[in-house]
Amino acid sequence: MISYMQSFTKFVNATLMMFIMFSVFATAYQTFVAEDFQIIFSEE
Amino acid sequence: MRPEFCIDANPIFYNLFDFSIAPPLLYYAYIPTIVITLILSGLALYHNSLNRNSRYFSALAFFLVMHVFFVFVTWIAAPVDLVMFGWQMWPLTLSSLFLSTHFFLYSFVFDKKLNKLYYYLLLLPLLPIAFLLPTKLNISYFDVSLCEGVSNGFLTTYTYLYAIYILLNIIYIGVAVTRKPSLTTLRSRKVWIIVISSFLALLSFIVTAYIGDITGYYEFETVGPISMLMFIASMSYIATDHKKFNLKLLGSELLVIGLVTLVGSIIFIRSINYVQYIATGTLFAITILGWLLSRSVRQEIEHRNKISHLALNLEKANTRLEALDRQKSEFISIASHQLRSPLTSIRGYASLLLEGSYGDIPKKALIPIERIEKSSKLMALAIEDYLNVSRIESGNMQYNYSDFNLKTETEHICDDLRHDAIKKGLVLIFRSELNSRGIINADIGKTIQIIQNLTHNAIKYTKTGTVKVFVRDDINKKRIYVDIIDTGIGMNREALHTIFQKFERASNANSVNIHGTGLGLYVSLRMAEAMGGTITAHSEGDNAGSRFTLDLPLAL
């Protein structure tokens, strides 16, 4: 039971880390590759 | 069309050191922070990679470097993509920095892992930040003319709230420290330094960022990482003399040299007064830090010198004590010899008198002469013990090895002592259970003396009951054992530890009013050890009897 809990915790941690990494990659992709960012020129 | 570079940027050199774009403070504050943090975390990991504190500290250092790097990029870099990316990463790197700082502090202060519930309570609120990172809720659009991201404020606000949430938890750690009396003064001072400095550093991070946000003067934000230097400095101060990090002189020297070089070089790069003032100020601060560091190192060296001086004195004292001990043994040896010769004649004449060699003795004189004979016998035994001790201690004890049958010899000893046992109303039983012939290679006289001594003790200290002498062996281990088990006064746990020492007798030994010098067991054990054996004692407590086991190597 304890080892199951430990591996479950490891799994959850790994999933969270993957998720965070994924969001970083998604941000990088959208910024550098997809270039779907809205660019404006202010009046100044 | 999307421009490749920010409009106000100089695209030729990527602007990394163009003072016209960003405040000069940036170059000064950010590069040393990154370098020092990397050096410190690298050292912490290198010295103690398995330690939980080291790992958390490395995580903290990693997120600090990431955060400082992205802030650096947003200020300095010219390519629009890069600036935009750095701008978007801000919420994630800041919140990760806060979280890892909390984890490190918790682990450092309480020296244990966070429990699962608390861990997830801190970690899970971070997820929305990661989730919203690539969305419009982070940066709505990007203003190229100012080279700034424009947000609608949702994620920024959430990040601030998360940061405050973590700060409150750090305050909770601080409160818990005050309620923990077990901390030593030195450790608690260190805990305080680290908790307060990290709290102030993190606080200055969000306060400066928030002021930048609401006023639009993002230059305020550049002050944050400078305060982080304070945190790093306090970390290094702790690292130099705290066992947890195991960083020694090398780390602190490297740090001081790195700081002085980096900051000192700024003075010579450009003659901007602004930079010079700050650099001079920091140089001053770092000089103080360096002084503190070297002082702690000097103290350590002084301690070491003191200890080595003490060790030298101790060695001298020890040599002197050894000489005194040798002299004492020699004295006892000489004195005992001098005592023994007249005693021999006293004993001799007393027994001659008793045997009637000088004619009939009046009945009145018989008892005193018997007493003289008995007392002189006891005295001769005591002198023999003292002589043995002095021989053992001076290393002059001679052992004549020969093969003999231990079982037969033990049986003879029992036969000899049975008379004494019967006189006291005791039963002396001899048993043997041997898988070998029971031959050993040892000094026969000394072995007999040991068994005699142990059996005699058993008879002396037993008022009623039996004394069993049991010879057994273990062919696999090549050992032979003689157990002497009695139903006598026994002894307690403390006595078991001390009875084999010189002049020690069990505390209840006097209760049976028996003469003894407290040297018999000491001599026996030393002699058994010299012959490759040992003696062990066992007893369940006072009045529970005792068992002595002589253990000798079997000659197969």
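**Pocket lining, sheets and loops in a two-chain predicted model**

The lining of the second largest pocket comprises 19 nonpolar, 7 polar and 5 charged residues. The structure described here is a predicted model. The volume of this second largest pocket is about 1,100 Å³. Its lining is made up of 31 residues, and those lying nearest the pocket centre are A:Met17, B:Tyr56, B:Ala59, B:Phe103 and B:Tyr119. Both chains contribute to the lining: at least two residues each come from α1 (2–34) of chain A and from α2 (52–76), α3 (80–110) and α4 (116–123) of chain B.

Chain B contains 15 helices and 9 strands. Of its 556 residues, 46% are buried. When contacts in chain B between residues at least 6 apart in sequence are considered, 71% of them join residues at least 24 apart.

The two chains also meet in a sheet. Strands of a sheet pair through backbone hydrogen bonds, in either the parallel or the antiparallel sense. An open sheet of 3 strands, with mixed pairing, follows the order β1(A)-β1(B)-β2(B). Its edge strands are β1 (39–40) of chain A and β2 (148–150) of chain B, each of which pairs on one side only. Between β1(A) and strand β1 (residues 141–143) of chain B, the pairing is parallel and extends over 2 bridges. Within this pairing, A:Ile39 is placed opposite B:Phe142 of β1(B). Helix α3(B) packs on the sheet, where it touches β1 of chain A as well as β1 and β2 of chain B. The direction of α3(B) makes about 125 degrees with that of β1(B). Helix α3 of chain B thus recurs in the description, since this helix also supplies at least two residues of the pocket lining.

A second open sheet consists of 5 strands of chain B in the order β4-β6-β7-β9-β8, again with mixed pairing. Strands β4 (427–433) and β8 (534–539) of chain B stand at the edges; each has a single partner strand, so one side of each lacks a neighbour in the sheet. On average, and with direction ignored, neighbouring strands of this sheet are turned by 15 degrees against each other. The edge strand β8(B) runs antiparallel to strand β9 (residues 546–553) of chain B, to which 6 bridges join it. B:Thr534 stands opposite B:Asp551 in β9(B). Helix α12 (residues 406–423) of chain B packs on the sheet and touches β4, β6 and β7 of chain B. The direction of α12 makes about 170 degrees with that of β4(B).

A further strand pair in chain B is formed by β3 (residues 401–405) and β5(B), which run antiparallel and are joined by 5 bridges. In this pair, B:Ser402 lies opposite B:Ala442 of β5(B). Strand β5 (residues 439–443) of chain B is largely enclosed by the rest of the structure, because 4 of its 5 residues are buried.

Two residues of chain B are notable for their backbone angles. B:Asp111 has a positive phi of about 60 degrees although it is not a glycine. This residue is located in the loop between α3 and α4 of chain B, and its relative accessible area of 44% makes B:Asp111 partly exposed. B:Lys478, likewise not a glycine, has a positive phi of about 60 degrees. The position of B:Lys478 is in the loop between β6 (466–474) and β7 (479–486) of chain B.

Conventions: Residues are numbered from 1 along each chain as its sequence is written. Chains are lettered from A and ligands numbered from 1 in the order in which they are written. This is a predicted model: local features need pLDDT of at least 70, side-chain atom pairs count only at pLDDT 80 or more; totals for chains, interfaces and linings use all residues. Side-chain values use heavy atoms; hydrogens and water are left out. On a 1 Å grid over the protein atoms alone, a cavity is a set of points where a 1.4 Å probe fits but cannot get out, and a pocket is an open set with protein on both sides within 12 Å along at least five of seven lines; lining residues have an atom within 4 Å of a point. Grid points are joined across faces, edges and corners, and a volume is the space filled by probe spheres set on the points. Ala, Val, Leu, Ile, Met, Phe, Trp, Tyr, Cys and Pro count as nonpolar, Asp, Glu, Lys and Arg as charged, and the others, Gly among them, as polar. Buried means under 20% relative accessible area, exposed over 50%, partly exposed in between (1.4 Å probe, protein chains only). Two strands pair if DSSP finds at least two bridges between them. Contact means heavy atoms within 4.5 Å. Axes are lines fitted to C-alpha atoms, for helices over the stretch in contact, and angles run from 0 to 180 degrees between N-to-C directions.
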